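Please look over the sequence and the three-dimensional model together, and keep both in view while reading. The paragraphs that follow move from one part of the chain to another.

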Amino acid sequence: MTATMRVAELPAVGSALRLTNRPVPMPGPGEVRVRVQACGVCGSDLFLQKGGFGAGVVLPVIPGHEAAGIVDALGDGVDDVTVGDQVALYYITTPPYDPWAARGRPNISPNVRRMGVDVDGAFAEYVIRPPAALIRPRAPVPPAVLAVLTDAVATPLHGLKRVAHLQPGETLVVLGVGGLGSSAVQLGKAMGARVIAVTRSEAKLRLARELGADETVPANEGDTVATVRALAGGYGADIVIQCVGSAAVDEQAIAMGGPGGRVVLIGSSLDQFRARAVDIFWRELSVLGSRGFVPDDIRDAIELYLVGKLKVDHLVETVRPLEQANEALEDLKLGRVFRSVLVPS
Ligand SMILES: [Zn+2]
């Protein structure tokens, strides 16, 4: 008799997730089976459900790319992890000799294979990964926390550290205080920046202050750009991280950048924004894209958590059993949560 596991799979674009059983996967040579302890539910899962990743995605697929678990079984030739190890999962793999991965940038490789998009993900009791995609924390981390560190925290960390090269003493503007922006506020403080957070709701403005923002600005009152530029010394900010999926906010982000400023776009709007070359070169402004993260971003996020510089309570307050995957997606769609975390029961 083949053992089976519970999964939540996406059967078709636009459809609800289907709860079903599948055979427990066997790790092939050079692979590891991980027993999933927790998996975050993120905007990318909604994007997948809408068909946003395009026709190349073969359905049904099991979503889930923000996960933590325990090493459960080893395929032949694996000796870098041990059964029983707690691991965070990196969601990307690349083919051997991939030139982007060789330069430490697997996240931008055109050849990425993404867990939860191109291969089955962690909305399941078990998932198969290669050892290179497993990151062992140096001390135990609560599973839901470890899961959200791999994406909700690692994504803005990548943007601030590896793309924008944030330096202590710089002024950072965070546009949008959701799952990514709330982490960006704390990361900015942890990296020594002065942080100005801009968001709509009073509750999120309050959260930004609790997480350490030096200044908060309501996004829907008066001239937000003028207010932020004034708070940033009159000339604009050193770094602006744009976490809102909106072309209008993309334009605001560019207008808020000061001389030598770096504007990092991580909010995924499909709409066009307008910019003038003179506004960019006059200030030597850099408009930068930041896509996902690399394994070292996860390692950095784990370290910041373990040394107490990162609070993630607001990201892990909604934990649901795997069976409620659709409810978790609905919560996210309606903006009722920053994140939900699914736990196989
Ligand atoms: Zn995600």
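Strands, in the sense used here, are DSSP runs of at least two residues marked E, and they are numbered from the N terminus. With that in mind, we can turn to a pocket in this model, which is a predicted one. Which strand gives the largest share of the lining of the second largest pocket? That share comes from β8, which contributes four residues, and both β2 (18-23) and β8 (126-129) supply at least two residues each. Altogether 18 residues line this pocket, and those lying nearest its centre are E31, V119, D120, I128 and R129. By character, the lining is made up of ten nonpolar, three polar and five charged residues, and the volume of the second largest pocket is about 320 Å³.

From the pocket we can move to the metal. The zinc ion has three kinds of atom listed as its protein donors, namely SG of C42, NE2 of H65 and OD of D151, at distances of 1.8 to 2.2 Å from the ion. Read along the chain, these donors follow the spacing C-x22-H-x85-D. The pair C42 and H65 links distant parts of the chain, being 23 residues apart: C42 sits in the loop between β3 (32-41) and α1 (43-49), while H65 sits in the loop between α1 and β4 (67-74). Are these two residues buried or exposed? Both C42 and H65 are buried.

A contrasting case is Y235, which belongs to the loop between α6 (224-231) and β13 (237-242). Because its relative accessible area is 60%, and exposed means over 50%, Y235 counts as exposed. Even so, Y235 touches R229, G257, G258 and P259, when residues up to four places away in sequence are not counted. The C-alpha atoms of Y235 and G261 are separated by 10.0 Å, although these residues are 26 apart along the chain.

Finally, we can step back to the whole protein, which has ten helices and 17 strands. Its C-alpha trace spans about 70 × 40 × 40 Å along the principal axes. A compact globule of 345 residues would have a radius of gyration near 20 Å, and because the protein has 20 Å, the two agree. Buried residues account for 52% of the 345 residues, and, among contacts between residues at least 6 apart in sequence, 66% join residues at least 24 apart.

How values were computed:
Residues numbered from 1 in each chain as written. Predicted model: local features only at pLDDT ≥ 70, side-chain atom pairs only at ≥ 80, totals over all residues. Heavy atoms only, no water. Donors = N, O, S within 2.8 Å, 3.2 Å for Na, K, Ca; no water. Buried < 20%, exposed > 50% of the residue type's maximum accessible area, 1.4 Å probe, protein only. 1 Å grid on protein atoms, 1.4 Å probe; cavity = no way out; pocket = protein on both sides within 12 Å on 5 of 7 lines; lining within 4 Å. Points joined across faces, edges and corners; volume = space filled by probe spheres on them. Nonpolar A, V, L, I, M, F, W, Y, C, P; charged D, E, K, R; others polar. Contact = heavy atoms within 4.5 Å. Rg over C-alpha atoms; globule rule 2.2 N^0.38 Å.
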